[in-house]
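Biologist: Could you take me through one part of this model up close? I'd like to hear about the annotated repeats and whatever sits around them, in one go.

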Amino acid sequence: SVLTVACEQTEVLLFDPISSKHIKTLSEAHEDCVNNIRFLDNRLFATCSDDTTIALWDLRKLNTKVCTLHGHTSWVKNIEYDTNTRLLVTSGFDGNVIIWDTNRCTEDGCPHKKFFHTRFLMRMRLTPDCSKMLISTSSGYLLILHDLDLNKSLEVGSYPILRARRTTSSSDIASSGSSGPRAVGSPCHQNDSGPLSEKHMSRSSQREGGSPRNSLEVLTPEVPGERDRGNCITSLQLHPKGWATLLRCSSNTDDQEWTCVYEFQEGAPVRPVSPRCSLRLTHCIEEANVGRGYIKELCFSPDGRMISSPHGFGIRLLGFDAHCSELVDCLPKEASPLKEIRSLYSHNDVVLTTKFSPTHCQIASGCLSGRVSLYQPKF
């Protein structure tokens, strides 16, 4: 019922998405750029900022914050929320993922703890059922925490490594501890003892009959056109039914951008010889690479049949096929191009973000100069 807009100049804008009327401006929501907004229910929402804080707001009383949360030491970029446990999860450029207990919130803040840490952290997401946490890095790694338990903090070196390899090659395996040094550029810090080696982890899993809680998988997803130059995963989204993850990647030389869809491969047992591969590249498309250096946030539609992607001064609506079929109904044997369904151009500057309404047949986009556009189909 409310469209909220995070702005660079400390502001949060609120609109009525049906009438397009401006409701309110929170002119000093933060002391620096506002990066992300997440609704916790139909009235309470959280914002995060480059001022290193998270703020909680109530739609019924917008003149003041409910509380301000302090814990990060650098720009805070992501907010997730587990509706089952009412735990708020945030991540920032300090490399930390922090858990906040909103059940015990006061005017002074919420109890919090550091849950995970990795170098080069860019984005963090929870799957819809909160069974996995995905973390992308500027060094091209994708980290997956399986069988997620947010109540258990992960100290450095305490998490078991399932695998660390490219999603397309079974030979490129990097493990730690007794199995040898970690691959160059690996995003995870470790202490002197190091995480459990893959071999040790596999034996442990076989004894226990399955993977332990918060087991870590480290991937370098295949990106078309990469040509071994490396890439940065700038945007990370998840399919609303948890079937796939959506990545926006740019090459290290910043001359190419790609939108890629990876299907989750579930059910494969953890074995010493053949570690499971959780992701498979199914669809991709090259982007316009306009506005170099700026992160473009893309998204799935609420039913997961379409992708909205910033493309130059507009957005493209992309499908897995020309009929906007479900992903599970059109899985190719090899990676296939995403199909362009429609292009929408109404901005005079580079589009940085786009979002489908979860309730209305509507989509919004926002550009670098601050213009917000709303679109809805004509029937």
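Modeller: Here is a walk through the two annotated spans, with some context from the rest of the chain.

Keep in mind that this is a predicted model. Its average pLDDT is 83, and 79% of the residues score at least 70. Residues 163-209 are a weak spot: pLDDT is below 50 there, though the model still gives that stretch 105 contacts beyond near neighbours in sequence. Another one is residues 268-275, where pLDDT stays under 50 and the model has 16 contacts beyond four places in sequence. Where pLDDT is low, the coordinates should not be read in detail.

Now the overall make-up. The protein has 1 helix and 28 strands. Of its 379 residues, 55% are buried. If you take contacts between residues at least 6 apart in sequence, 52% of them join residues at least 24 apart.

On to the part you asked about. An unreviewed UniProt entry carries the annotation "repeat: WD" over residues 27-60 and 69-101. Residues 27-60 come out as 0% helix and 53% strand, with the end C-alpha atoms 17 Å apart. For residues 69-101 the figures are 0% helix and 64% strand, and the end C-alpha atoms lie 11 Å apart.

Let's start with the sheet that runs S4-S5-S6-S7. This is an open sheet of 4 strands with antiparallel pairing. At its edges are S4 (34-39) and S7, each of which pairs on one side only. From one strand to the next, the twist averages 20°. S4 and S5 (residues 44-49) run antiparallel and are joined by 5 bridges. If you want a register marker for that pair, Ile 37 has Thr 47 in S5 as its bridge partner. At the other end of the sheet, S6 (residues 53-58) pairs with S7 in the antiparallel sense over 4 bridges. A marker here is Ala 55, which stands opposite Thr 68 in S7.

S7 (residues 67-70) itself is worth a pause. In a regular strand the side chains alternate between the two faces of the sheet. You can see that pattern in S7: Cys 67 and Leu 69 point to one face and are buried, while Thr 68 and His 70 point to the other face and are not buried. So the Thr 68 that faces Ala 55 across the pairing belongs to the side of S7 that is not buried.

The next sheet has the order S8-S9-S10-S11. It too is described as an open sheet of 4 strands with antiparallel pairing. S8 (76-82) and S11 (112-117) are the edge strands, and each pairs on one side only. Neighbouring strands in this sheet are turned by 25° against each other on average, ignoring direction. S8 pairs with S9 (residues 87-92) in the antiparallel sense, over 6 bridges. Along that pairing, Ile 79 stands opposite Thr 90 in S9.

Thr 90 is the residue I'd zoom in on. You'll find Thr 90 in strand S9. Thr 90 counts as buried because its relative accessibility is 0%, and the cut-off is under 20%. Its side chain has polar contacts to pick out. One goes to the side chain of His 72, at 2.7 Å. Another, of 2.9 Å, joins the side chains of Thr 90 and Trp 100. Leaving out residues up to four places away in sequence, Thr 90 touches Ile 54, His 72, Val 76, Asn 78, Ile 79, Asn 96, Val 97, Ile 98, Trp 100 and Met 124. Ile 79 in that set is the residue standing opposite Thr 90. Ile 54 is also among the residues touched, and position 54 falls in S6, which covers residues 53-58.

For a comparison point further along the chain, try S20 (residues 279-286). This strand is mostly covered, with 6 of its 8 residues buried. S19 (residues 257-264) and S20 run antiparallel, joined by 7 bridges. Phe 264 has Leu 279 in S20 as its bridge partner. S20 also pairs with S24 (residues 336-337), here in a parallel run with 2 bridges. In that pairing, the bridge partner of His 283 is Ser 336 in S24.

Methods:
Residues are numbered from 1 along each chain as its sequence is written. This is a predicted model: local features need pLDDT of at least 70, side-chain atom pairs count only at pLDDT 80 or more; totals for chains, interfaces and linings use all residues. Side-chain values use heavy atoms; hydrogens and water are left out. UniProt positions are given in the numbering used here, feature names are shortened, and annotations may be inferred rather than shown by experiment. Two strands pair if DSSP finds at least two bridges between them. Axes are lines fitted to C-alpha atoms, for helices over the stretch in contact, and angles run from 0 to 180 degrees between N-to-C directions. Buried means under 20% relative accessible area, exposed over 50%, partly exposed in between (1.4 Å probe, protein chains only). pLDDT is the predictor's confidence in each residue, from 0 to 100. Contact means heavy atoms within 4.5 Å. A polar contact is a pair of N or O atoms within 3.5 Å; within protein, one must be able to donate a hydrogen and the other to accept it, and residues adjacent in sequence count only if both atoms are side-chain atoms.
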